[in-house]
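Let's take a walk through this model together, from one loop residue out to the whole fold and back in to the ligand. Have your viewer ready.

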Amino acid sequence: MKLEHSTILICGGTSGIGYELAKVLRTRQNKVVLLGHHPGKLELARQEGFDTIACDLSCKESVEAAALQVEQKYPGVNVLFNNAGLQHNYDFSTHLIPLDKVWQEVGVNLSGQIRLTQLLIPILAASPRALVVNTTSGLGAFPKSDALVYSAAKAGMRNFTLGLRHSLKGTGIRVLEFMPPVTQTAMTQGRGGKMMPPELLVQKVIPQIEKGKGLVTLPKMRLFLWIAFLFPGIAYRIIEKKSAK
Ligand SMILES: NC(=O)c1ccc[n+]([C@@H]2O[C@H](COP(=O)([O-])OP(=O)(O)OC[C@H]3O[C@@H](n4cnc5c(N)ncnc54)[C@H](OP(=O)(O)O)[C@@H]3O)[C@@H](O)[C@H]2O)c1
C-alpha cells in the first residue's frame with residue numbers, strides 16, 4: 001500500500017524515529033497527526049504545522065480521550081503507527097523498582113497502544129485500505145539485563161502484532177512489525193557505539209512498509225533475530241556489549 005493520500009496517526013510522533021517518519025510522510029500528500037505526551041514537544045510540532053493529540057499512553061482515560069478525538073476530528077484515519085516508546089534503565093537484581101514505574105513502562109510500550117488500536121479498529125476498518133505498524137525492538141527478541149521491563153513489553157508488542165495480524169485477516173487492515181536497529185534518538189542519548197541516523201532509517205523502511213513486509217527492518221536485525229533464536233549465548237554477549245558502551 002502506497003503511503004500517499006492517507007490520514008496517518010503516529011504515536012510517539014513528536015520526536016526521534018516517529019518525527020522523522022512524520023516529516024517524510026507529510027511530503028507525500030498525507031495528513032499526518034502526531035500523538036505525544038510532552039507539552040513542549042507537542043507545541044514544537046504544532047509550530048511546524050502538524051496536527052497533534054496530547055495523550056499519556058500510560059493512562060487509560062487519556063488513551064480513551066485520544067481515541068475519541070481521532071474519531072471526531074480525523075474519521076478518515078487509515079494508517080496507525082504504534083511507535084511510542086519509553087525505556088527505564090536499572091539493575092533489576094539490586095533495585096526494587098517502584099510499581100508505578102513498571103506500569104508506566106508497560107503502559108507506554110504496550111498496553112496503552114493495544115487499547116488505542118482496539119478503539120481505532122472500527123475507524124480503520126471503514127477504510128478500503130488500512131495499515132497498522134507496530135514498532136518493536138531487538139530487545140523484544142532477546143532481553144537486555146538493564147532494561148527488563150522494556151524488553152518484556154516489546155516482546156509483548158511482537159506477539160500482539162502477530163496475533164492482531166491473524167485476527168484481522170479478512171478485513172482490509174494490514175498489520176506490520178517495525179523493528180528499528182539502534183538509532184540515534186533521545187532514547188539512546190549518551191550511549192556510545194554506532195547508531196543509525198533516524199533520517200536514513202526512515203528512508204530505508206518506508207519502501208518496505210509500502211511493500212507490506214510482515215517484518216520491516218534492516219538486514220543486521222534479521223541476522224540478530226536468527227542469532228537470538230539459534231545461539232542465545234551469542235545474542236546475550238551482543239546485547240550486553242552494546243549496553244556497556
Ligand atoms: N532508538 C532506538 O535505538 C530504538 C531501537 C529499537 C526500537 N526503538 C523504538 O522506536 C520507537 C521510537 O523511539 P525513539 O528512539 O524515536 O525514541 P524517542 O525519540 O524517545 O521517542 C519516543 C516517543 O514516544 C513518546 N512517548 C513516551 N512516553 C509517552 C507517553 N507516556 N505517552 C505518549 N507518548 C509517549 C514520546 O513522546 P513525548 O516525549 O511527547 O512523551 C516520543 O514521541 C519506540 O517504540 C522505541 O522503543 C528505538
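Is Q29 buried or exposed? Q29 is exposed, because 10 other C-beta atoms lie within 10 Å; the cut-offs call a residue buried at 20 or more other C-beta atoms within 10 Å of its own, exposed at 12 or fewer, and partly exposed in between, with C-beta atoms placed from the backbone. Before going on, please keep in mind that this is a predicted model, in which local features need pLDDT of at least 70 and side-chain atom pairs count only at pLDDT 80 or more, while totals for chains, interfaces and linings use all residues. Residues are numbered from 1 along each chain as its sequence is written.

Q29 is found in the loop between α1 and β2, and has a positive phi of about 55 degrees although it is not a glycine. Most residues other than glycine have a negative phi. H5, in the segment before β1 (7–11), also departs from that pattern, with a positive phi of about 50 degrees. H5 counts as exposed because it has 11 C-beta neighbours inside 10 Å.

Now zoom out. The protein has eight helices and seven strands, where helices (H or I, at least four residues) and strands (E, at least two) are DSSP runs numbered from the N terminus. Its radius of gyration, taken over C-alpha atoms, is 17 Å, which agrees with the value near 18 Å for a compact globule of 245 residues; that rule is 2.2 Å times the number of residues to the power 0.38. Of the 245 residues, 39% count as buried.

Just past Q29, strand β2 (residues 31–36) pairs in the parallel sense with strand β3 (residues 51–54) over four bridges; pairing requires at least two DSSP bridges. L34 has T52 in β3 as its bridge partner. Together with helix α2 (residues 39–47), β2 and β3 make a right-handed β-α-β unit: with the strands pointing away from the viewer, the path from the first strand over the helix to the second runs clockwise.

For a buried example, turn to M157 in helix α5 (residues 148–167), which counts as buried because it has 24 C-beta neighbours inside 10 Å. The C-alpha atoms of M157 and T136 are separated by 6.2 Å, though these residues are 21 apart along the chain.

Finally, the ligand is surrounded by 29 residues, and G12, G16, G36, H37 and G85 are the closest; a residue is near when its C-beta atom, placed from the backbone, lies within 6 Å. Helix α1 (residues 16–26) gives the largest share of this shell, three residues.
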